[in-house]
Amino acid sequence: MTDRKGLWYAFLAYAGWGLLPAYWNVFERMSPYELLSYRMVFSALTIWIWVAIARRAQSVAGVMRDGRRARLMALGSLMITVNWLTFIVAVNTGHVVESSLGYYINPIVNVLLGLLLFRERLDGWQWGALVVAMAGVGIMMAAYGQVPWLALALAGSFGLYGVVKKRVDADAVQSLTWETTLALPLAAAYLAATFATHRVTVTQLTSWQMALLVLSGLFTAVPLLLFAMAAKRLSLATLGMVQYISPTLQLVIGLAVDHEAFTRADAIGFACIWMALALYTISLVRNERRHRHRPADRQAVSEAAKG
């Protein structure tokens with residue numbers, strides 16, 4: 001049975017990520033590396049403030065005593081850092097449509113990883129959805145005319161991040177706290193270097209832009225917490241299909257705000273992907289209805305046997 005809370009967590013997380021290009025466009029004058037570093041710093045501060053308020057410092061600290069969990073969270077920190085940097089570079093260099101392509105590819109990566117690593121099974125409807133989605137993405141990639149490295153980096157890094165979130169034996173707050181904390185030394189070192197070499201770009205921001213930069217920690221932490229809770233409750237295949245919300249919103253922003261090109265191939269690929277989402281939704285509804293009827297069927301058989 002599909003976890004409804006998990007679906008809501010996933011929906012809210014992906015909707016938040018889908019709107020992020022409009023947010024990062026505010027900082028187009030900043031260096032992507034400096035922007036990433038401040039994002040790391042404010043994300044870590046935000047989550048540690050939450051840990052302190054919730055009085056969870058002891059449980060969070062205890063997670064790192066286990067070597068396996070520590071290694072997984074370090075890997076998760078690396079994957080999400082690569083993903084953040086790639087996304088910021090894509091947005092700040094006018095490649096929002098390519099970033100949306102990366103997140104269109106990522107659900108397919110999630111489904112394939114679920115099949116290979118977790119032995120997740122797909123029914124006929126879900127296999128059909130996967131084939132149609134792959135066809136749509138293939139059309140978009142062929143029309144792109146070159147290897148979309150930014151898109152592939154986004155898809156691969158976030159797909160592996162999803163695997164880590166399923167494997168790590170820690171709750172959402174514990175894992176996210178250490179993922180952001182482990183990236184702090186790198187961020188601090190880079191910011192120190194920018195100040196030492198007088199290559200600071202944050203000083204170009206206005207007061208309201210600075211306020212938004214400080215809030216980047218909140219805008220980063222909340223979707224990640226929601227995603228971590230969703231990843232614990234849903235299969236990678238289901239996560240993959242719900243994720244189409246994010247690139248669709250990004251695509252709309254790329255077209256409506258940044259006025260990037262939208263070709264006929266994009267339209268065909270877009271239609272294929274949403275057809276795949278419809279097929280997968282039908283599968284979820286059928287499976288949930290079948291699950292609801294099973295207890296009643298078993299009770300009827302049991303009563304018949306007693307009679």
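Colleague: For which residues does UniProt list "domain: EamA" in its unreviewed entry?

Modeller: The UniProt record, an unreviewed entry, lists residues 5-140 and 150-280 for "domain: EamA"; such positions are given in the numbering used here, feature names are shortened, and annotations may be inferred rather than shown by experiment. In the model, residues 5-140 are 83% helix and 0% strand, with end C-alpha atoms 33 Å apart.

Colleague: What should I know about the model before reading it?

Modeller: This is a predicted model, in which local features need pLDDT of at least 70 and side-chain atom pairs count only at pLDDT 80 or more, while totals for chains, interfaces and linings use all residues. Residues are numbered from 1 along each chain as its sequence is written, and side-chain values use heavy atoms, with hydrogens and water left out.

Colleague: How are helices defined, and what span is expected of helix 1?

Modeller: Helices (H or I, at least four residues) and strands (E, at least two) are DSSP runs numbered from the N terminus, and the expected span of a helix is 1.5 Å times one less than its number of residues. Helix 1, residues 4-18, has 15 residues and should therefore span 21 Å, which agrees with the 21 Å between its end C-alpha atoms. Helix 8, residues 149-167, has 19 residues and reaches 27 Å from its first C-alpha to its last, close to the 27 Å expected.

Colleague: Which residues of helix 1 are buried?

Modeller: Buried means under 20% relative accessible area, exposed means over 50%, and partly exposed lies in between (1.4 Å probe, protein chains only). In helix 1 the buried residues are G6, A10, A13, Y14, A15, W17 and G18, whereas in helix 8 the buried residues include A151, L154, F158 and K165.

Colleague: Is L152 of helix 8 buried or partly exposed, and what does L152 touch?

Modeller: L152, which has its place in helix 8, counts as partly exposed because its relative accessibility is 34%. Contact means heavy atoms within 4.5 Å, and, not counting residues up to four places away in sequence, L152 touches I105, M141 and V147. L152 and L101 are 51 residues apart in sequence, yet their C-alpha atoms are 8.6 Å apart in space.

Colleague: Where does N92 lie, and what is N92 in contact with?

Modeller: N92 lies in helix 5, residues 67-92, and counts as buried because its relative accessible area is 18%. Leaving aside neighbours within four places in sequence, N92 is in contact with W24, F27, E28, M30 and L35.

Colleague: How is a crossing read, and at what angle do helix 6 and helix 7 cross?

Modeller: Axes are lines fitted to C-alpha atoms, for helices over the stretch in contact, and angles run from 0 to 180 degrees between N-to-C directions. The axes of helix 6 (residues 96-117) and helix 7 (residues 124-144) come within 10 Å and cross at roughly 145°. Their crossing is left-handed, a term used if the near helix is turned anticlockwise from the far one by less than a right angle, with right-handed used if clockwise.

Colleague: Which helices do the buried residues of helix 9 pack against?

Modeller: Helix 9 is mostly covered, with 10 of its 11 residues buried, and these buried residues pack against helix 3, helix 4 (57-63), helix 5, helix 8, helix 10 (184-196) and helix 12 (216-233). The axes of helix 3 (residues 32-53) and helix 9 (residues 172-182) come within 9 Å and cross at roughly 145°.
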